[in-house]
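Work through the following exercises with the sequence and the structure open beside you. Try each task before you read its solution.

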Amino acid sequence: MTEKIAVIGGGSWGTTLASMLSSKGQAVSLWVYEKDLALRMAETRINDLYLPGNRLPDGLAITSSLEEAVRGSGIVLMVTPSHVTRRVLDGAAPFVSEDAVVVSATKGIENDTLMLMSEVVEDVLPKSFHSRLAYISGPSFAKEVAAGMPTAVSVASRNPAAAARVQAAFNTEYFRVYTNPDVLGVELGGSLKNVIAIAAGCSDGLGFGHNTKAALITRGLAEIARLGAAMGANPLTFAGLSGMGDLVLTCTGGLSRNRMVGEKLGQGMNIDEVVGEMTMVAEGVNTAKAAYGLSKKYGVTMPIVEQTYLLLYEGKDPKRVVRDLMTRDLKSELG
């Protein structure tokens with residue numbers, strides 16, 4: 001079935017998904033915040049800022065008008081940084097069709113409210129939309145998807161029909177989409193893995209090896225699962241694509257912005273210097289603060305998250321972080 005789809009966000013991931021959907025034959029409009037970038041993309045068919053080297057399909061419409069992108073679309077896909085998702089969706093909401101499915105592909109947590117993107121979307125949109133909301137997550141570097149490399153992700157929705165509609169619209173020969181009813185688990189896995197990836201990158205920057213990385217991934221997953229259980233998620237979700245799959249990718253992949261942030265911190269740079277060098281957003285920087293807040297709210301022990309928060313927000317020395325993690329009181333692995 002052909003859908004009219006609005007993709008809201010012209011970063012690397014939004015551009016990649018819009019290009020993929022357009023190449024599949026869907027009628028896609030891509031909303032780009034930067035007007036000058038939107039004009040260049042429309043003329044050159046290249047996103048030179050966020051996805052250079054990848055030509056966009058001729059049929060992909062590009063606009064800086066939310067109304068033009070959203071009005072009449074059957075699927076509205078939000079691919080904006082978490083800290084602006086509320087504001088952008090609020091601007092788009094008046095133009096969303098009553099029968100549209102609204103999908104979030106943003107991996108993050110709102111700092112001020114500690115809301116997941118699902119909660120932000122529900123807070124902004126009227127209740128009449130809440131039965132048609134979905135969330136995409138999983139191990140997926142934009143550059144590899146743009147190159148047509150086989151990728152698998154999850155789409156989570158409490159409404160099986162909405163999940164199936166998104167699955168059918170997004171699935172291609174190289175982009176496989178699975179459904180999952182556990183919205184909370186899929187969102188938590190996709191958000192918190194970025195925090196663990198910063199810790200893993202810091203390990204790389206300090207010159208540590210595979211032993212350390214394996215320990216961080218495994219114990220990081222344990223922390224994510226503990227918080228998920230406390231919040232009511234399905235534990236099996238964290239063994240899937242949006243849990244372990246995305247965690248492994250983001251902690252080990254050379255294209256991971258969050259791992260790169262940690263690596264530079266481990267090499268001695270401070271967080272302001274690291275962020276100042278970046279064109280794209282590393283969601284884990286903001287999410288570390290929110291995740292630390294959630295751990296306190298739910299009374300869950302999350303030492304890697306806590307130490308990453310201290311590294312980012314209190315300037316703690318990376319070597320001290322390692323020492324404090326390794327010299328914690330001894331305990332059972334399953335406790």
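**Exercise 1. Decide whether Ser-19 is buried or exposed, and find what surrounds it.**

Solution. Begin with the relative accessible area, which for Ser-19 is 14%. A residue counts as buried when this value is under 20%, so Ser-19 is buried. Bear in mind throughout that the model is a predicted one, and that the values in these solutions are computed from it. Next, locate the residue along the chain: Ser-19 belongs to helix α1, which covers residues 12-23. Finally, look for its contacts, leaving aside residues up to four places away in sequence; Ser-19 then touches Arg-55, Leu-56, Pro-57 and Leu-60.

**Exercise 2. Work out the strand order of the open sheet of eight strands, and say which strands stand at its edges.**

Solution. Going across the sheet, the order reads β5-β2-β1-β6-β7-β10-β11-β12, and the pairing is mixed. The two ends of this order are β5 (61-63) and β12, and because each has a single partner strand, one side of each is left without a neighbour in the sheet. On average, and with direction ignored, neighbouring strands of the sheet are turned by 25 degrees against each other.

Now take one pair from within the sheet. Strand β1 (residues 4-8) and strand β6 (residues 75-78) run parallel and are joined by four bridges. Within this pair, Val-7 has Leu-77 in β6 as its bridge partner.

**Exercise 3. Describe how strand β11 is joined to β10 and to β12, and how well it is covered.**

Solution. Consider the side of β10 (residues 133-137) to begin with: three bridges join this strand to β11, and the two run antiparallel. Here Tyr-135 stands opposite Ala-156 in β11. Then turn to β12 (residues 175-180), which is joined to β11 by six bridges and runs parallel to it; the bridge partner of Val-155 in β12 is Thr-179.

The next step is to follow the chain from β11 to β12. Together with helix α7 (residues 160-170), these two strands make a right-handed β-α-β unit. As for the covering, β11 spans residues 151-156, and five of its six residues are buried. Among the helices that lie across this part of the sheet is α10 (residues 241-252), which lies across β10, β11 and β12 and runs at about 140 degrees to β11. Helix α5 (residues 117-124), in turn, lies across β7 (101-104) and β10, running at about 155 degrees to β10.

**Exercise 4. Find the surroundings of Leu-247.**

Solution. Leu-247 lies in helix α10, and its relative accessible area is 0%, so it is buried. If residues up to four places away in sequence are not counted, Leu-247 touches Lys-193, Ile-196, Ile-217, Leu-221 and Ile-224. It is also instructive to compare sequence with space: Leu-247 and Gly-190 are 57 residues apart in sequence, while their C-alpha atoms are 7.9 Å apart.

**Exercise 5. Characterise the packing of α8 with α13, and then that of α9 with α14.**

Solution. Two packed helices are described by the angle between their axes and the distance between the axes. For helix α8 (residues 183-205) and helix α13 (residues 283-298), the axes come within 8 Å and cross at roughly 105 degrees. An angle of 65 to 115 degrees counts as roughly perpendicular, so α8 is roughly perpendicular to α13. The residues that meet are Ser-191, Leu-192, Asn-194, Val-195 and Ile-198 in α8, and Glu-283, Gly-284, Val-285, Thr-287, Ala-288 and Ala-291 in α13. Sorted by class, this contact has six nonpolar, four polar and one charged residues.

For helix α9 (residues 210-231) and helix α14 (residues 303-313), the axes come within 8 Å and cross at roughly 100 degrees, so α9 is roughly perpendicular to α14. Here Leu-216, Arg-219, Gly-220, Glu-223 and Arg-226 in α9 meet Pro-303, Ile-304 and Val-305 in α14. By class, there are four nonpolar, one polar and three charged residues in this contact.

**Exercise 6. Which phi angle does Arg-45 have, and where is this residue placed?**

Solution. The phi of Arg-45 is positive, at about 65 degrees, although the residue is not a glycine. Arg-45 sits in the loop between α2 (35-44) and β3 (46-47), and at 9% relative accessibility it counts as buried. Leu-114, likewise not a glycine, has a positive phi of about 60 degrees, and its place is the loop between β8 (109-110) and β9 (115-116).

Notes. Residues numbered from 1 in each chain as written. Predicted model: local features only at pLDDT ≥ 70, side-chain atom pairs only at ≥ 80, totals over all residues. Heavy atoms only, no water. Buried < 20%, exposed > 50% of the residue type's maximum accessible area, 1.4 Å probe, protein only. Pairing = 2+ DSSP bridges. Right-handed = clockwise from strand over helix to strand, strands pointing away. Axes fitted to C-alpha atoms, helices over the stretch in contact; angles between N-to-C directions. Parallel < 35°, antiparallel > 145°, perpendicular 65-115°, else oblique. Contact = heavy atoms within 4.5 Å. Nonpolar A, V, L, I, M, F, W, Y, C, P; charged D, E, K, R; others polar.
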